[in-house]
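Grab a pencil and open your viewer. Below are some short exercises, each followed by a worked solution you can check as you go.

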Amino acid sequence: MSQGTLFDKVWDLHTVGVLPSGQTQLFIGLHLIHEVTSPQAFAMLKERGLKVLYPQRTIATVDHIVPTENQARPFVDVLAEEMMQALEQSCQEHNITFHNIGSGNQGIVHVIAPEQGLTQPGMTIACGDSHTSTHGAFGAIAFGIGTSQVRDVLASQTLALAKLKVRRVEVNGPLKPGVYAKDVILHIIRKLGVKGGVGYAYEFAGTTFEQMNMEERMTVCNMSIEGGARCGYVNPDQVTFDYIQGRDFAPKEAAWEEAVAWWTHLQSDQNAVYDDVVVFDAADIAPTVTWGITPGQGIAVDEAVPPPETMPESERVIASEAYKYMELEPGAPIQGTKVDVCFIGSCTNGRLSDLQEVAHFAQGKHVAKGVKAFVVPGSERVKQQAEAEGLDKVFEEAGFEWREAGCSMCLAMNPDKLQGNQLSASSSNRNFKGRQGSSSGRTLLMSPVMVAAAAVTGEVTDVRSLI
Amino acid sequence: MTKITAIFGPGMPLRGNDIDTDRIIPARFLRCVTFDGLGEQVFADDRQQAQGQHPFDQPQYQGAKILVVNGNFGCGSSREHAPQAIAKWGIEAIVGESFAEIFFGNCLAMGVPCVTADAATVSQLHTGIEQDPSATVELDLETLQVRIGELTAAVNMGDGPRQMLQSGTWDACGQLVAQAENIKKTATQLPYMSWAG
């Protein structure tokens with residue numbers, strides 16, 4: 001049983017009581033909602049005659065279904081329009097703040113909450129979206145929930161949960177050139193497996209994470225769930241505090257001092273006890289790319305698609321399914337694989353620093369003939385900031401399309417989709433079968449700069465050869 | 001709420017590890033404001049590709065109530081649409097080697113037990129069901145056993161979720177709401193509740 005970790009401290013502070021089942025009733029400090037997983041929850045509330053207990057602790061936006069080209073209302077997609085109206089109506093009815101398209105504050109839920117200073121250390125944060133783990137970058141305990149649980153949070157601001165174990169995932173040392181936060185998390189998932197984290201919260205610790213900025217930490221925590229861990233976090237430090245200070249919902253004046261003291265005190269103790277500890281060396285991490293149909297099927301970009309005999313027996317069935325679906329030969333190098341579509345964006349890698357890195361790389365280069373490449377900013381603010389820096393011009397001159405903010409082709413609930421068996425180089429988080437909108441579409445996950453490298457050469461490319 | 005202590009009915013074998021919720025219900029079917037009708041869409045793309053040979057389409061498994069799966073079932077997206085689609089199709093319980101946590105929690109909140117069994121048991125269940133699809137699979141939450149034909153094997157479920165199902169309190173909403181006073185007390189003690197941004 002873990003003791004003295006940030007997870008333990010935050011869990012205890014938010015414990016309302018123990019339910020007859022033995023589960024903890026946990027208070028949720030911040031509840032984020034969006035159009036896909038909330039309408040049924042509001043309907044359930046209505047059915048039971050319940051009200052929203054703390055409407056000011058729930059914040060809404062629209063992201064999954066948002067068209068990134070034509071945003072005129074009503075949406076061309078009538079089903080999307082219906083969802084949009086349901087959310088608008090629910091928020092109005094229950095007095096919930098809604099960051100709508102055009103407000104200047106809309107965007108992917110996991111991008112807007114941090115950028116507005118809503119996400120803070122020591123909070124419990126829940127959202128009907130598995131990538132809620134992103135907010136753990138601030139030292140919050142943040143996790144995804146289903147719609148029935150969205151109902152529970154709306155009605156009671158609490159959830160019935162069993163406590164997780166805590167695994168310290170330590171990475172030490174500087175990252176080599178061409179290696180990004182995305183490569184770190186893809187490497188961890190590759191090594192610990194897609195179900196290695198089931199039952200655990202991941203505490204990301206060590207000098208590699210200490211050296212990362214907040215957006216890099218968000219990229220890492222974002223994909224905790226791809227490793228099976230429902231939540232992942234980094235202990236808050238000066239980098240965290242500097243990021244939060246001055247943002248819309250950051251504590252101000254005397255409250256700021258109080259906040260910093262409280263946040264500091266929540267850090268895991270030096271002698272904290274963990275249920276498990278694993279240690280990686282940053283020097284072992286290369287630009288990483290997935291070749292299969294789970295995020296754990298990753299390799300260094302200069303490696304070959306692993307043949308079945310090199311993997312444990314238990315992984316061979318899903319591997320053979322992956323070779324077939326991905327149309328990749330075991331033993332063949334992944335470099336040189338032709339790509340059709342390049343997608344830069346998502347709650348994993350759609351923030352300003354991601355776009356800055358990509359623009360820096362793409363400057364003076366051009367998207368290869370026959371490749372469709374597009375950049376989707378994570379929020380309206382990211383878009384506005386990127387445009388203020390002229391990044392949009394860099395992208396357009398390099399042949400990338402520049403779009404409006406949303407989840408876009410990460411999960412393709414909007415019009416941005418792969419066609420047929422197109423192969424996509426993607427900065428998003430999931431390479432599941434059919435994930436990007438075509439039931440035979442193929443996805444290779446990689447860092448945004450690696451996506452840009454693939455876009456300019458038309459094939460999977462080791463970014464280290466181009467920088 | 002109904003007390004869930006045992007589930008009886010025909011089984012359905014579904015092989016494969018790491019079956020994610022995008023496969024269970026592709027994202028395009030999430031463009032809806034109710035869960036109605038999701039049962040028909042369950043595993044839509046996998047079924048289309050299997051051309052009638054997917055267990056959810058095969059005639060011998062129509063009417064199945066207990067789904068038997070391998071490891072890390074329901075990983076990925078938190079969409080409750082996935083277990084809703086499975087349940088609306090007619091499945092009432094799932095036996096598997098392991099489940100992704102959010103999926104497990106969603107099933108629990110719907111009163112659909114997910115119990116784990118070792119790989120050998122899952123394999124025996126798969127074979128048993130395939131050999132006699134009409135055989136009744138019996139999942140007993142009291143004794144934590146699964147039975148089919150001559151086979152009786154142990155299954156696992158955490159005490160908390162099991163207690164919630166057995167006592168009919170798997171829908172926690174009422175219990176949570178009833179603690180209004182304690183909720184307020186906890187909230188008052190959290191410093192950030194009073195930091196107006």
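Before we start, one term: two residues are in contact, or touch, when they have heavy atoms within 4.5 Å. Also keep in mind that this is a predicted model.

**Exercise 1.** Find P236(A) and work out which residues it touches, leaving out those up to four places away in sequence.

*Solution.* Start with the address: P236(A) sits in a loop of chain A, after β11 (231-233) and ahead of α9 (238-244). Next, list the contacts. Leaving out residues up to four places away in sequence, P236(A) touches L6(A), P121(A), F138(A), G139(A), F241(A), W263(A) and Q267(A). Now try a distance: the C-alpha atoms of P236(A) and G122(A) are 8.8 Å apart, although 114 residues separate the two along the chain.

**Exercise 2.** Decide whether P236(A) is buried or exposed.

*Solution.* First, the cut-off: a residue counts as buried under 20% relative accessible area. Then the value: P236(A) has a relative accessible area of 1%, so this proline is buried.

**Exercise 3.** Sketch the open sheet in chain A that contains β1, β2 and β8, and say which strands are at its edges.

*Solution.* Put the three strands down in the order β1-β2-β8, with antiparallel pairing. The edges are β1 (15-18) and β8 (158-161) of chain A, each of which pairs on one side only. Give your sketch some twist, as neighbouring strands here are turned by 25° against each other on average, ignoring direction.

Now zoom in on one pair. Strand β2 (residues 24-27) of chain A and β8(A) run antiparallel and share 4 bridges. To get the register, place T24(A) opposite L161(A) of β8(A). Finally, add a helix: α1 (residues 6-13) of chain A lies across β1, β2 and β8 of chain A, at about 75° to β1(A). Notice that L6(A), one of the residues touched by P236(A), falls within the 6-13 range of this helix.

**Exercise 4.** In which sense do β15 and β16 of chain A pair, and over how many bridges?

*Solution.* Take β15 (residues 341-344) and β16 (residues 372-375) of chain A: they pair in the parallel sense over 4 bridges. As a check on the register, I344(A) has V375(A) in β16(A) as its bridge partner. Then carry on to the next strand. β16(A) also pairs in the parallel sense with β17 (residues 401-402) of chain A, over 2 bridges. There, F374(A) is matched with E401(A) of β17(A).

**Exercise 5.** Switch to chain B and work out how many residues of helix α6 are buried, and what they pack against.

*Solution.* Helix α6 (residues 159-166) of chain B is mostly covered, with 6 of its 8 residues buried. They are G160(B), P161(B), R162(B), M164(B), L165(B) and Q166(B). These buried residues pack against α4 (101-110) of chain B. Past the helix comes G168(B), with a positive phi near 75°.

**Exercise 6.** Draw up a quick profile of chain B as a whole, including its helices, strands and charged side chains.

*Solution.* Count the elements: 8 helices and 7 strands. For dimensions, the C-alpha trace spans about 60 × 40 × 25 Å along its principal axes. For burial, 61% of the 197 residues of chain B count as buried. The chain exposes about 7400 Å², with carbon and sulfur atoms supplying 47% of that area. Last, the charges: chain B carries 13 positive and 22 negative side chains, and the centres of these two sets are 6 Å apart.

Methods:
Residues are numbered from 1 along each chain as its sequence is written. Chains are lettered from A and ligands numbered from 1 in the order in which they are written. This is a predicted model: local features need pLDDT of at least 70, side-chain atom pairs count only at pLDDT 80 or more; totals for chains, interfaces and linings use all residues. Side-chain values use heavy atoms; hydrogens and water are left out. Buried means under 20% relative accessible area, exposed over 50%, partly exposed in between (1.4 Å probe, protein chains only). Accessible areas come from the Shrake-Rupley method with a 1.4 Å probe; for residues, only the protein chains shown count as cover. Lys and Arg count as positive and Asp and Glu as negative; His and the chain ends are not counted. The place of a charge is taken as NZ of Lys, CZ of Arg, CG of Asp or CD of Glu. Two strands pair if DSSP finds at least two bridges between them. Axes are lines fitted to C-alpha atoms, for helices over the stretch in contact, and angles run from 0 to 180 degrees between N-to-C directions.
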